Each structure stands twice: as C-alpha cells, then as structure tokens.
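Reader: I have a structure to read and little practice. Can we go through its features one by one?
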Amino acid sequence: MSLASVTDTKLSRRSILKGSAAAAGAFSFGFAIPFADEAQAQGAVPEVNAWVVIHPDDKVVIRIARSEMGQGTLTGLAQLVAEELDCDWAKVTTEYPTPGQNLARNRVWGNFSTGGSRGIRESNEYVRKGGAAARMMMVQAAADGWQVPAAECSVAKGVITHKASGRSIRYGEVAAAASKLQPPANVPLKDPKDWIIAGKPLKRLDTADKTTGKKVYGMDFKLPGMLNAAIKDCPVFGGKVKSFDAAKIKDMPGVKHVLPVGDSAIAVVADSWWHAKTALDALPITWDEGEHAKVSSESIAAWLKEGLDAPQAAVGNQNGDVKGAIANAARVIEQVYSYPFQNHACMEVMNATALYTAERCEVWTPTQNGEAALAAAAEASGLPLAKCEAYKIDLGGGFGRRGAVHDWVRQVVAIAKQIPGTPVKLIWSREEDMLHGRFHPVTQCKLTGALDKDGNLTGLHMRISGQSIVAGIFPQNIQNGRDPVVFQGLNPPGPEASIGYTVPNLLIDHAMRNPHVPPGFWRGVNLNQNAIYLECFIDELAHAAGKDPLGFRRALMKDHPKHLAVLNAAAEKAGWGTKAPEGVYRGICQTMGFGSYVAAVAEVSVDAGGKLKIHRIVAATDPGHAVNPAQIERQVEGSFVYGLSAALYGECTVKDGRMVEENFDSYQVMRMDEMPAVETVIVPSGGFWGGVGEPTIAVAAPAVLNAIFAATGKRVRNLPLKNTDLRKA
Amino acid sequence: MAKLSINGKTIDVAVEDDTPLLWVIREQIGLTGTKYGCGVAQCGACTVHIDGVATRSCTMPVSALTAEQKIVTIEGLSPDGNHPIQKAWIEHDVPQCGFCQSGMIMAAAALLQANPKPSDADIAAEMTNICRCGTYNRVKAAIKDVAAGGQLGRG
C-alpha cells in the first residue's frame with residue numbers, strides 16, 4: 001500500500017501548525033516547532049527574557065518549563081511570573097519551550113522534570129525573578145524613552161506611569177525596546193503579603209478546550225502520512241520474544257508492517273490504530289518467559305516476610321536504644337502491615353508519535369519530563385541529542401508514570417527507525433498499559449512499640465521490607481545499600497519528609513527486597529505506605545494505651561510545631577472530640593512530605609452488611625506558600641480519589657511472573673458514588689515552599705482506616721480494603 | 001461500509017462491521033474529542049449520545065447502528081461550547097488533566113436531559129465515568145448548578 005492511501009488526514013503541514021495552535025487555545029505547543037523557522041519568522045516578537053514575551057497588542061506569553069498534567073502547575077507558575085511582571089492577568093497565555101531549545105540555551109529554563117510535587121516549590125524563585133527582571137526592563141525602556149529616572153515610574157496591570165509628567169505607556173508599546181536592554185543584576189522579589197495575582201484562587205488558564213473536545217492530547221496527535229502502531233511486550237517482566245508468525249496477519253485490513261521492538265516486544269503498524277490492534281491480537285507470538293515465570297504475589301510476600309526479621313537492614317532514622325526500650329517495656333505491641341503493587345492507570349494510556357530519518361529523530365509525547373523524553377529518543381535512535389527533539393503535549397494524567405522512565409518513547413523510536421521517513425503513532429492498549437506499568441513498590445512493615453506502665457511510647461522499631469524504587473530506576477543513587485527515598489515521612493527532623501514524633505528510642509530501617517516487577521514513582525511515592533504503617537500503628541498504640549488518638553499524638557509532637565499545627569487545624573475543623581452523627585466514626589492522622597505538612601480526619605460508617613461509606617474528610621495542609629488556593633483544594637480532593645482508590649481496590653496481583661489485572665473491570669477505582677465530601681483547610685505558614693499535588697494523598701487512607709477501626713473494631717493492616725470483610729464478627 | 005448520522009451530518013465510512021463506533025469517530029471521521037480509555041465500557045471516556053442516550057462507543061460495533069440513529073459527540077454538543085453543562089464546567093473549573101471530561105460532559109448532558117432535577121443518588125447512579133484526577137465533587141457541583149438553573153430537560 002502506498003503512503004498516500006493511508007493519508008486520510010486532509011491536513012497540510014501549515015494547517016497542522018494552525019490547527020494545533022487553535023486546538024491548544026492560546027498555547028503554542030512544542031509540536032509546532034518542526035516548522036518553527038517559518039513560524040517564528042512570520043510572528044517574530046522578541047522575548048523580553050527567556051520567561052516572558054510581550055506582543056504589541058499587550059498579549060503576554062509566559063514560558064513554562066514544567067509539564068501540565070492536570071495538577072495546575074501551568075497556571076500556578078504563570079501566576080508567579082505575572083505577579084512579579086505586574087502585567088494584566090487577562091492577557092496572559094503560556095507556551096512550552098522544547099527540551100532541545102533548553103539544551104541549546106544552556107538550560108536557561110532549568111529543570112523540566114515534573115514530579116515529586118516540585119513544579120512550584122523548586123522553581124518559584126527563578127521564575128519570579130524572570131518576571132521581575134522583565135518588569136524592570138520594561139520600566140527602564142519606558143523611562144529611557146521619557147528621559148526620566150526609572151525609580152519615578154510605577155506599573156500596574158501592564159501600564160507604566162510617570163506620575164510627575166502625567167505620561168503612561170502600555171507594555172506592548174515598550175516590549176521591543178525592553179528586549180534590547182541588558183537584564184538587571186539585582187532582582188528583588190515582592191513580599192508574598194503584597195501579592196495580587198499569586199496567592200489568589202484564580203481559575204485555570206487551560207479549561208475551555210477541555211470542555212469542547214478541542215484539546216489535542218498525545219493520543220489525538222496527527223502528522224501527514226502517519227501510520228499507527230499497537231504493541232505487545234512480553235507479559236512476563238524480563239521475558240523475550242521467541243517467535244512470531246507475521247504471515248498469519250499480513251493480509252488483515254490495513255496492516256503495513258509487523259516489527260520486532262527490542263528483543264521483548266512486537267509491534268503491528270497499520271493505517272489505523274484499530275487495524276493495528278486487531279491484527280496484533282491475532283498475531284501468534286511465542287514467548288520465552290525467562291527466569292521469572294514462576295514468581296507470584298505469594299512468593300514475593302514470603303520473601304518480604306523474611307526481610308522483616310533479617311539481620312541486615314539500612315538505617316533511616318535512629319536514636320536511643322530501641323532494643324533496650326522494648327526489653328524493658330511494660331507492654332509491647334507488634335503488628336505487620338503490607339501494601340501491594342499499584343498501577344498508575346492514567347486515563348490516557350501511554351503513547352507517542354515519532355518521525356525518524358537518518359539525520360533527525362523527533363518525538364511528540366505526553367511527558368512529565370521533556371528532557372528525559374529527548375534523552376530516550378536520542379538513545380533509542382542512536383543519533384546525538386542535537387539531532388533529536390521532543391515536543392511535549394499536555395498529559396491525560398501522569399501521576400509519576402510519565403516521568404522517570406520513557407519506555408514507550410524508546411519503543412516508538414525503535415519502530416520509527418524501521419520505517420524511516422514515515423511518522424508513526426504508538427498507542428498502548430489499556431491491557432498493555434496495565435501489564436507494563438512502573439508499579440508502586442510492594443512492601444511490608446513490622447512495627448514494634450514499647451509502652452511504659454502509664455501508656456507512654458518509650459520505643460518504636462519500624463522494619464520495612466521490600467522494594468526500592470530508586471534501586472529500580474536510579475541504582476547509582478543507592479549508597480551502601482541504602483535507598484533514602486524509602487524513608488519518606490520517617491526522616492529525622494529537617495525540611496523534607498520528616499517524622500512528626502519524638503520517640504525516646506527509635507529505629508526505622510529497611511531490608512531491601514527487589515522483586516522482578518519494575519517499580520516506579522507513583523503519586524505520593526513511599527509516603528503512601530509509610531503514612532499508613534506509622535499512622536495506623538500509632539492509632540493502635542493509642543488505643544492500647546487507652547488514650548485518645550489525637551492526645552496520644554500531641555504528646556509526641558511537642559518538638560514538631562509545624563506537624564502539630566496542621567494536625568490541630570484538621571482536628572479543629574472536623575470537630576474532633578465532639579459527638580459525630582449517629583453511626584459515624586472518626587479517624588485521624590498526619591504526615592509530612594514533598595515539603596508540606598498535612599493531616600486529615602475522616603468520618604465513616606460501616607453498615608451491618610460490612611459496607612463502608614466515607615462521609616467526609618477534612619484535610620489540612622501547610623505548603624508554606626499557597627500560590628492558588630482554589631487549585632490546592634482541587635489537588636487535595638483529587639489526591640484523595642487516587643489514594644482511596646488504591647486503599648479500597650488497588651492491587652496488581654502477580655501470577656506466573658506477570659500481572660493479572662488488565663483493565664478497569666479487575667482494577668477498580670473510586671467513582672462518584674463513593675466520593676466523600678472533602679473540606680480543605682489551607683494553613684500556609686510562610687518561610688518555605690512545599691508541594692501540593694502529592695502530600696495529602698498520604699493522609700487519606702490512614703484517616704479512613706483509623707475511622708474503620710473506630711467504627712468496627714477491625715484493624716485493616718493489609719490493603720486493599722476489598723479483601724477484608726468489615727462485617728461485625 | 002456504514003452510513004452514520006454524526007453531529008447532524010450523514011457520513012459514509014468504509015470500515016469492517018465489527019469496528020467500534022469509537023474508532024470510526026476518531027480515525028475515520030477524525031473527531032478526537034471522544035477518547036479511548038479502556039475499550040471495555042468501564043471508564044466512560046468514549047461516551048457519546050445515540051438518540052440522546054449516553055452510550056459507551058468503545059464497545060458499540062458500527063454494524064449495530066443505522067443512519068437514522070442520531071449520534072452526537074462532544075464536538076456536536078453545542079455550536080460554540082456554550083451548552084449549559086459546558087458553561088457550568090468552566091464556571092466550576094472542573095477539569096484537571098481533562099482527558100475524561102468529554103465523556104463526563106456527555107454523560108452529564110444526557111442525564112440532565114432525561115432527568116432535569118436529579119437527586120444526589122441519581123447523579124451518583126448515572127455518573128459512573130472514571131476520573132483518575134479526582135474531579136468528582138466538582139462534576140457533581142456543576143451538574144447540580146445546571147439542574148438548579150432549570151435549563152435542560154424534556155419536561
């Protein structure tokens with residue numbers, strides 16, 4: 001079949017440029033860039049600096065380095081730049097520089113990585129300086145024109161005024177002159193208390209096209225002459241393709257190519273994705289399943305259980321003599337908890353489009369880290385970085401899946417390399433997405449608590465056994481067998497992921513056990529299970545000591561004022577200590593991670609049939625500075641859906657070396673009928689910048705689990721909850 | 001071959017009989033607002049209206065449809081994105097990543113057309129679409145807002 005026969009799109013290259021710009025609303029997407037010389041020549045507006053472009057009509061384009069995946073970072077970062085720029089918010093649009101442009105300009109836009117809730121917390125200072133420097137240059141350009149000192153000029157909403165002479169001028173009128181000035185050396189920033197754009201509950205900039213179907217996701221992206229690919233990788237991790245019979249499907253409708261991808265996968269390339277998938281499903285493939293074909297969830301659990309008592313373990317946090325405290329305790333409480341594999345299950349499955357020639361390799365993909373996507377494209381193509389480019393497309397969900405590992409980018413490039421000159425779009429089926437995730441790690445935890453005769457906690461040993469994400473993805477960061485990220489929320493006092501309790505004798509250690517299932521950073525990362533382990537066990541200790549769970553915690557938190565303040569804020573808003581409605585029970589917890597302090601109180605009931613209803617969750621968060629309270633509320637609600645979906649249903653089961661759950665019918669998630677009311681208390685205390693997208697996910701599950709105990713007397717220690725019968729015994 | 005009525009136009013498409021409506025809409029017609037999420041009618045990202053009824057197009061073979069059945073996709077819901085549900089979505093800043101929202105909006109529009117004053121239980125029963133970002137409470141608030149405005153319905 002000829003190329004022309006599958007060019008069902010009526011789009012020319014020009015109309016792609018226009019169409020994608022239109023589809024992206026005011027955004028100019030990276031994928032316009034292959035034709036950028038033309039585009040830039042036509043619409044050339046010089047930038048004031050790397051962060052700010054101002055058009056003659058006063059339209060302000062703010063460049064955003066981080067990826068937008070629903071979390072609102074695009075709007076929040078634009079607010080920070082616009083705040084310092086003193087422009088008219090109504091005239092603000094945004095665009096993404098490409099990873100290739102960033103490299104070519106000495107990484108002027110800094111890090112593109114969008115994970116770990118760090119979009120705002122790590123780049124706030126330099127993006128604000130970008131906005132402030134641009135403002136200073138605009139003012140200087142106006143002052144130069146008027147021949148007055150810049151200090152005599154003021155700015156509001158993109159209009160510069162010289163009061164003494166009664167003159168004013170718009171940003172659009174001076175931007176070209178400003179762009180020729182030297183950037184200032186000293187760029188003071190506003191005191192956050194003076195903010196008028198940042199800190200306000202503004203609406204997102206990117207909503208309209210999401211309500212009309214116009215927004216172009218990676219799955220929707222098209223190039224002229226593009227073919228479509230479906231892929232099947234060996235379902236047993238680490239296995240390989242033994243053989244496949246392409247002749248069986250070569251005459252099926254639309255099929256163009258049947259291609260090996262690496263040594264473990266086969267792709268079918270066809271005129272449409274439906275044809276590709278249909279043919280792939282009919283393709284006979286024999287797998288060499290390799291050495292892991294007998295691994296099961298049970299065998300993994302047995303291995304991890306052994307780690308709970310293993311002599312060797314890496315220490316994460318230690319003080320006093322925990323062995324002595326346990327030996328001398330009036331009472332010792334010991335319990336084992338576990339947390340299963342989870343799939344990110346982004347609504348948009350993994351996908352990318354690639355165009356390879358001997359001279360150049362380009363990739364268009366939803367990614368949390370454009371630079372990592374570019375690096376993956378370069379490596380897979382064998383071309384130098386300078387001959388490759390990656391164009392970011394807004395993500396249909398990321399949650400960590402589209403950040404550190406770009407396996408789908410490597411695949412699409414491996415396919416494109418076999419059909420040079422022909423663009424190809426690879427879309428995973430949902431089944432492929434479920435089988436080949438980068439899974440939330442599997443761990444178990446044995447907790448041993450020592451109480452004195454008055455019910456005070458004198459010692460705590462937390463032994464975590466299980467998988468290390470860092471060992472799986474960045475093994476070079478493992479030092480002396482120790483993965484520092486394993487201890488999120490359990491670290492010694494400090495600015496990141498520190499434990500909120502002072503226990504006289506404490507030992508938190510990790511026996512690393514890495515199954516063959518590839519781990520990944522999954523929204524909330526290790527804070528998820530660590531908060532469940534610690535906060536549910538603290539609850540157990542409080543009940544064992546006959547004390548109120550809030551009071552028991554407070555007694556351990558005197559030296560942790562930020563943790564305590566947030567816990568108190570949640571407790572107060574929820575009415576902790578007051579009578580709950582008939583049949584409704586409360587649970588409470590707190591933790592700290594991704595730079596922010598968070599706490600929650602959940603209210604649940606459990607009926608005679610064991611059916612759980614989560615009525616309400618009150619969440620409190622101290623992210624230091626709240627750049628957009630309305631979007632923080634949405635992130636808190638959303639994090640609860642993600643965290644509670646995992647707690648209620650989430651479990652990827654290993655059988656015969658592969659995952660069992662292949663779609664949402666067996667991997668259920670929370671839907672609207674189970675959604676509790678969420679009340680968010682934002683208590684920014686200033687002086688630091690914490691994250692928003694992830695921290696609160698970690699308090700949803702322990703608050704609910706502690707409330708379930710209050711309601712039923714049943715302590716759920718193994719997730720997901722669906723495996724526990726909550727009926728009263 | 002199939003003859004379909006999509007967004008008010010009658011269109012001939014050359015596809016195998018068992019091709020799901022979703023992929024006809026996306027790949028033959030070229031309307032990509034309707035999304036693939038699961039392919040097994042679980043998630044609702046592919047929701048379209050067929051004669052006003054919210055239908056998951058990923059499991060609907062094109063051969064099951066006739067040219068008389070009126071199919072409406074998100075692109076055909078309103079001429080300018082000004083359907084009351086779309087306006088409420090913007091007012092409530094509902095979408096996060098937005099990928100599921102075409103399906104959510106189509107499900108919500110069909111719900112209110114059939115049941116202009118839904119109870120919370122009605123909304124929970126009818127709105128079974130999956131959103132991994134967790135916009136459920138905003139979706140619900142937007143639906144209730146439109147219901148309170150009384151702009152939709154057959155009654």
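Reader: Is Glu633(A) buried, partly exposed or exposed?

Author: This is a predicted model. Buried means under 20% relative accessible area, and exposed means over 50%. Glu633(A) has a relative accessible area of 29%, so it is partly exposed.

Reader: Which residue does Glu633(A) meet in a salt bridge?

Author: Start with the general idea. Side chains of opposite charge can pair when their charged atoms come close. Here the side chain of Glu633(A) meets that of Arg138(B), at 3.4 Å from N to O. This pair crosses between chains. Arg138(B) sits in helix α5 of chain B, and Glu633(A) sits in helix α18 of chain A, residues 629–648.

Reader: Is Arg138(B) buried or exposed?

Author: Use the cut-off of 20% again. Arg138(B) has 15% relative accessibility, so it counts as buried.

Reader: How many salt bridges are there between chain B and chain A?

Author: The count is 5. Another pair to look up is Arg26(B) with Asp220(A). Their side chains meet at 2.9 Å, N to O.

Reader: Which elements of chain B give two or more residues to the side that touches chain A?

Author: They are α1 (21–29), α2 (84–91), α3 (101–114), α4 (120–126) and α5 (136–149) of chain B. The largest share comes from α5(B), with 5 residues. Sort that side by class and you get 23 nonpolar, 16 polar and 11 charged residues.

Reader: How many residues does each chain bring to the contact?

Author: Chain B brings 50 residues and chain A brings 62 residues. Then look at area. About 4,600 Å² is buried between the two chains, and carbon and sulfur atoms give 55% of that. Polar contacts come next. The interface has 32 residue pairs in polar contact, with both residues at pLDDT 80 or more.

Reader: How many salt bridges are there over all chains?

Author: The count comes to 51. One of them joins Asp245(A) and Lys248(A), at 3.1 Å from N to O. Check each partner separately. Asp245(A) is partly exposed, at 28% relative accessible area. Lys248(A) counts as exposed, at 57%.

Reader: What does the salt bridge of Glu603(A) with Arg586(A) tie together?

Author: First the distance. The closest N and O atoms of Glu603(A) and Arg586(A) are 2.7 Å apart. Now place each residue. Glu603(A) lies in strand β23 (residues 596–606) and Arg586(A) in strand β22 (residues 585–593), both of chain A, so the bridge ties together parts that are 17 residues apart in sequence.

Reader: Are Glu603(A) and Arg586(A) buried or exposed?

Author: Glu603(A) is buried, with a relative accessible area of 6%. Arg586(A) is buried too, at 13%. They also belong to a network of salt bridges. Lys573(A), Arg616(A) and Glu679(A) are linked in that network with them.

Reader: Which residues does Gly587(A) touch?

Author: Think of two distances, one along the chain and one through space. Gly587(A) lies in strand β22 of chain A. At 2% relative accessibility, Gly587(A) counts as buried. Leave aside residues up to four places away in sequence. Gly587(A) then touches Trp576(A), Ala600(A), Val601(A), Ala602(A), Ala703(A), Asn706(A) and Ala707(A). Take Ala703(A). It is 116 residues from Gly587(A) in sequence, but 4.8 Å away in space, C-alpha to C-alpha.

Reader: How many residues has the largest nonpolar core?

Author: It has 198 residues. Those with the most contacts inside it are Ile415(A), Leu612(A), Trp89(B) and Met127(B). Helix α19 of chain A, residues 697–712, gives the largest share of this core, 10 residues. Zoom in on Ile415(A). Among the residues it touches beyond four places in sequence are Ala229(A), Leu259(A), Val269(A) and Leu426(A). Another core, of 46 residues, lies apart from the largest one. It includes Ala50(A), Leu85(A), Cys153(A) and Ile160(A).

Reader: Where does Ser57(B) lie?

Author: Ser57(B) lies in the loop between β4 (53–56) and β5 (70–72) of chain B. Do not guess burial from the word loop. Ser57(B) counts as buried, at 1% relative accessibility. Next, find its polar partner. A polar atom of the Ser57(B) side chain lies 2.7 Å from the backbone oxygen of Cys46(B). Other residues in contact with Ser57(B) include Pro20(B), Leu22(B), Thr34(B) and Val48(B).

Definitions and conventions: Residues numbered from 1 in each chain as written. Chains lettered and ligands numbered in written order. Predicted model: local features only at pLDDT ≥ 70, side-chain atom pairs only at ≥ 80, totals over all residues. Heavy atoms only, no water. Contact = heavy atoms within 4.5 Å. Buried area = accessible area lost by both parts, 1.4 Å probe. Salt bridge = Lys/Arg side-chain N within 4 Å of Asp/Glu carboxyl O. Polar contact = N/O pair within 3.5 Å; in protein donor to acceptor, adjacent residues only side chain to side chain. Helix = DSSP H or I, 4+ residues; strand = E, 2+ residues; numbered from the N terminus. Nonpolar A, V, L, I, M, F, W, Y, C, P; charged D, E, K, R; others polar. Buried < 20%, exposed > 50% of the residue type's maximum accessible area, 1.4 Å probe, protein only. Core = buried A, V, L, I, M, F, W, Y, C linked by side-chain atoms within 4.5 Å.
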